Amino acid sequence: FIPVASTAAIGTLVGKLKGPSDQSPVGYETLALWLGIAVGLLALEYILREVRSFSRQRLIDETGVNLQKQLYQHTARLDLSFFEESEALNKLFRASSGGASGAYGPVQSAMAGVSGIIQLVSLFGLMFYLQPIMALLLLIAGTPMVFVRCFSAMEKYKLDIKTTQRRRLSNYYTSHLAGAANIPSTKLLNLAGEMIQRFETTARSIIDEKRKILQKISIRLGITFVANLTVMLVVIGWLTSQFSSDALEAGVLVAFILAAFRAMRSNAQISNSVASGAESALSIIPVLDFLAEEPRISDKGGLIPKTLKGDLSIENLYFTYPQTSNPVI
């Protein structure tokens, strides 16, 4: 509620400075009071924004550590055979690549979205009180932005799922080219050239698909932003002409314009929060999917020989990787 309060205070201050000519001049005490209120509200908004940023980072750090610990504990419980399957490794990669921000993302987005909605409703309430028709035009112009960002978030999530295995392979090639533990074997086996070529091919395919998606998203966002800005300029132009013809007071003009620009910023905040919230909520799905995996081999029961001679004989033992019928050993 602070933005709408500071906007109203600034509008009131300007109105008292630039009042009708037949009105008696306002005393310095009144002007100082409204100026103090406006400055105090702006300072409070800045302080609370910094407190919010600090608290948000603390929550990201804490939830991130807890989630990573839970993932590591669950990974240690699973059988080795689980990590021989390509799709299982994709699950692990998607679950671990979200990081700390992914764990706290839905909560952060929900809080930011609620805050933005409160600001937007209060600002549009002020604008409807001052100029209802112009406020309605701005409200209609700003609505498509939210839907465009939500649709874009879904497209990004689908792209992440589609490119999971390629991103995992890209990390694998990188570990053999830049990982301290793997560089010696890469050099001894003369695999650097092959690894670099595979890395570039894989990375390029991901970049090409991502570029196409981002181009579509940029075009959509650009169109909605230009449309919103055009309506904003039309509204400001009409208000300015009304002020020039003395049909509108200076305080009303300043308050409405300030509220309109703040509303535009709040609308962007809401659309960003909804989009990032959708992305974060979707990023939690792979984590839950991985945590739902259970060990397939039990350490209970088994065969216990009646006697032990100290000799171990292995016969007719074969090993075959999953998803293939060719025995390796």
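**Helix packing in a predicted model**

Helices α5 and α6 are roughly parallel to each other, because angles under 35 degrees count as such. Good morning, colleagues. The structure shown above is a predicted model, and I shall present it through its helix contacts.

I begin with the pair just named. Helix α5 covers residues 132-142 and helix α6 residues 144-162; their axes come within 5 Å and cross at roughly 10 degrees. On the α5 side, the residues in contact are Ile140, Ala141 and Gly142, and they meet Pro144, Met145 and Val146 of α6. Of the residues in this contact, five are nonpolar, one is polar and none is charged.

Ile140, which is found in helix α5, also belongs to a second feature. Together with Phe128, Leu136 and Leu139, Ile140 forms a nonpolar patch on the surface, and the four have about 340 Å² of accessible area together. Which helix gives the most to the nonpolar patch? That helix is α5, with three residues.

Let us follow α6 to another partner, helix α9, which spans residues 192-244. Here the two helices pack at an angle of about 175 degrees, and their axes are 10 Å apart. The angle makes α6 roughly antiparallel to α9. From α6, the contact includes Pro144, Met145, Phe151 and Leu159, as well as Arg149, Glu155 and Lys156. From α9, the participants include Ile213, Leu214, Ile217 and Phe225, along with Glu209, Lys210 and Arg220. By class, the contact of α6 with α9 contains 10 nonpolar, two polar and seven charged residues.

The third pair is helix α3, residues 86-97, and helix α7, residues 164-178. How many degrees is the angle at which α3 and α7 pack? The angle is about 80 degrees, with the axes 9 Å apart. α3 is therefore roughly perpendicular to α7. Ser86, Leu89, Asn90, Phe93, Arg94 and Ser97 of α3 meet Thr164, Gln165, Arg167, Arg168 and Asn171 of α7. This contact of α3 with α7 has two nonpolar, six polar and three charged residues.

I close with the salt bridges, of which a search of the whole structure finds 11. One of them joins Lys91 and Asp289, whose closest N and O atoms are 3.9 Å apart. Because Lys91 lies in helix α3 and Asp289 in helix α10, residues 250-291, the pair ties together parts that are 198 residues apart in sequence. Thank you for your attention.

Definitions and conventions
Residues numbered from 1 in each chain as written. Predicted model: local features only at pLDDT ≥ 70, side-chain atom pairs only at ≥ 80, totals over all residues. Heavy atoms only, no water. Axes fitted to C-alpha atoms, helices over the stretch in contact; angles between N-to-C directions. Helix = DSSP H or I, 4+ residues; strand = E, 2+ residues; numbered from the N terminus. Parallel < 35°, antiparallel > 145°, perpendicular 65-115°, else oblique. Contact = heavy atoms within 4.5 Å. Nonpolar A, V, L, I, M, F, W, Y, C, P; charged D, E, K, R; others polar. Patch = residues over 30% accessible without salt bridge, like charges linked within 9 Å, V, L, I, M, F, W, Y side chains within 5 Å. Areas by Shrake-Rupley, 256 points an atom, 1.4 Å probe, with all protein chains shown as cover. Salt bridge = Lys/Arg side-chain N within 4 Å of Asp/Glu carboxyl O.
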